[in-house]
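Reader: I'd like a close look at one part of this model. Could you walk me through the second chain, how it is built and what it touches?

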Amino acid sequence: MVAVGNDRKAINRLQAMYGFRALVEDRYKRAIEASQSGQPIAWAMINWWAGDAILNTMDVVTVYPENYGVVCAATGSAQTFLARAEAEGYPAHLCGYARNCLGYAASMKAYGGIPPDAPMGGMAAPTLLLGSGGICDARYKWFQAMARYLDAPVWTLEMPHPGVHESLQPGAYEQNISFIVHELREFVAFLERLLGKKMDWDRLDETVTDMLETNRLWHEIMALRRARPCPAHSRDIWTCLGAILTPASDAKAALKLFHSLHDEIKHRVDNGIGAVPNEKYRLVFAELPIWHNLRFFDALAERGWSFVFESWAYHPPKPQDLSKVSDPLERIARHNYQWVTGYYTGAAAAGEWWGYFAYPYLELVRDYRCDGAFLHSVLSCRAGSTHLLHVRDSLMEKLKVPSLLVDGDMVDTKLFNAEDTLRCAETFEETMTHYREMRQKEGREW
Amino acid sequence: MPYFMGIDIGSGTSKGVIVNDGKMVASHLLPSGVNYREAAQKVRQELLAKAGLSPAEMAHTVVTGLGGNNLPFANQQAADLPCCARGVHFIFPDVRTVIDVGEQAARVLRVSPEGRVTNFVISERCAAGSGRFLRIIANVLRIDLKDVGPLSLQSKNPVTFTTGCAVFGESEAVSRVAEGAAKEDILAGVHKALANKIAMMVERVGLEPECAITGGGGRDVGLIKRIEENLGIRLLVPPDPQIITALGAAIMAEEQARLTAAPELKS
């Protein structure tokens, strides 16, 4: 049996990653300082860059409860908040992020402030909550429920989710962009009323420009990971995610970090340096990471497992040329919509109807020459799990690439069994080898 | 002449097999108890005694199973499903689907013509598809586990279990006993519930004939009958279905030794 949880150095970690981690830590610290000086604070859902730049330009310091769920899970603090949420009556099958932060908010109310021992100093009390209709249905009610503990208004940004064929109907694209722009204008007006100040459109324009440049760079970084051996393991990318998904709150600092990340990865590619020294198997990971047990991936790395891509929704939409779009809100809208629909043309060509969750894995597994897919079926997340069986079947049918389907949770330790999963992983190596040989016999590309 | 040993420490039973030049020399099994390391030592000692061999004559030993961690006499540890696949392939080379019903879990494997695992599914964290479910119900009915299968075959009116969960199944069995249901009908109901669960797992990996059953479940004629009815096939049953994974481990030991060891083994 491979021991789980030992301090290993099976993964050659990126130095640039530490800067991203520090940026996230600094964000929580700044929010606490802001609350002491009377500056507004938002708790925002990951909103795929729809509201972040607007909040930043309005001088609202933003923290992200989903990211805080990650922090709590990774530091072993989540179970306390999960238990508190269950005591409040929230069911155990509710989203782990939601339960963690509902428990945190309930604790905050009970203590009259940040609960003692909250990791990273805790999330300071919010002035407003920004929800998002993006990706997941639980998110609509989660922030409404949380607001009951926090005495703060909730605003929800809608995000259209057309199907593959619907998105290709004449006029659908412009109609959806108009809808998002309208949503953003309403949000700006809400903030102006709430905060009693006007939007600085020039500043917003500059922030959006920085964000789009960050996206371009980020996309380039991901493309570098196609190299053999892969220069950056998912563990490093996950560590960067807190800053990657929310760069608008620190747009300049994030862009600088992305440059350093790019340079380090490029150096590795040029010099044949892999994140896993003995890369035997290349895998893609879907969907939400096992935040409470990331060291589990070190045990897999020791066996030569290299995770070369992960969780498409956490990654940059395909870059577009938006230089001729003068309205920053419209640029945000087009970028945000690209996140959901960026793979749709390929999905339509491939006859795949499950375009924005399942289809990207077909492209990723092919482009990154993966031997297998590790599909993390999160029991408390329907949005992140229901498509995985389809992903598994599509990868096998179209690419002859096998999948390992693993039950677990991104926050709740009770729902993941590392030892059982490692046992399955050992067997899965034989399966990956079998299909690699089969692909070679059939003359496939890898 | 070199011999090769495979040891499979399951949660219910510990098994051992010695092979030599592709032939099974001896096999042995005993209850695992609560100390897997002791069980492993004991099954090894008794297996060696049965074969009339000494530890020094073992060229390579592969251990597998839940209790196969860090055993001092092992040369190699292997995952149990590849061992199971090799063991089945040794006995039935035409088998492409394996149903392995052990104490802890049920597993369904697809196997390549070379005896490699090409797909698999495990009834993780749920005893509904496992031998444990049968043990629990046998305990409720106060009957010996070996009598479960033959008694189940006598059923004329199997009870319907509304749950797939072994814990709730135990409560349900107690209720049926209280209502006066016959033991054979309760057992047949349990077998149907297990067979349903296993059939769903078979569907997940896809059934390709021939199909074999291994593990303790392969000794239960009642379970075999219900699975055959459910899937509409005849199952191949090895002479001793419980030792198949240990046999595969021994075969793997021989393969490994030939790959890496002395030239005389490579012939």
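Author: Let's fix one term before we start: a residue is buried if 20 or more other C-beta atoms lie within 10 Å of its own. By that yardstick, 53% of the 267 residues in chain B are buried. Keep in mind that this is a predicted model, and the numbers below are computed from it.

Now the overall build. Chain B carries eight helices along with nine strands. Lay a box along the principal axes and the C-alpha atoms of chain B fill roughly 65 × 35 × 30 Å. How does that fit with the radius of gyration? For 267 residues, a compact globule would come out near 18 Å, and chain B has 19 Å, so the two agree. As for the contacts in chain B with a separation of 6 or more, 70% of them join residues 24 or more positions apart.

Next, the domains. The assignment splits chain B into domain 1, made of 1-91 + 240-267, and domain 2, covering 93-237. So how far apart do they sit? Between the C-alpha centres of domain 1 of chain B and domain 2 of chain B there are 26 Å. Where they meet, domain 1 of chain B puts in 15 residues and domain 2 of chain B puts in 23. On the domain 1 side, helix H2 of chain B (residues 80-91) gives the most, with seven residues. By class, that side of domain 1 of chain B has eight nonpolar residues, six polar ones and one charged.

Chain B also has a partner to deal with. Its contact with chain A pairs 14 residues of chain B with 12 residues of chain A. Over on chain A, helix H17 (residues 418-441) gives the most to the side touching chain B, namely eight residues. The class split on that side of chain A is three nonpolar, four polar and five charged.

While we're on chain A, here's one residue to click on. Gly122(A) sits in the loop between helix H5 (96-111) and strand E3 (128-132) of chain A. Is Gly122(A) buried or exposed? Buried, because it has 22 C-beta neighbours inside 10 Å, and the cut-off is 20 or more. Leaving out residues up to four places away in sequence, Gly122(A) touches Ile114(A) and Pro115(A). Ala147(A) is 25 residues along the chain from Gly122(A), and their C-alpha atoms are separated by 17 Å.

Methods
Residues numbered from 1 in each chain as written. Chains lettered and ligands numbered in written order. Predicted model: local features only at pLDDT ≥ 70, side-chain atom pairs only at ≥ 80, totals over all residues. Helix = DSSP H or I, 4+ residues; strand = E, 2+ residues; numbered from the N terminus. Rg over C-alpha atoms; globule rule 2.2 N^0.38 Å. Buried ≥ 20, exposed ≤ 12 C-beta atoms within 10 Å, placed from the backbone. Contact = placed C-beta atoms within 7 Å. Nonpolar A, V, L, I, M, F, W, Y, C, P; charged D, E, K, R; others polar. Domains from an automatic or database assignment.
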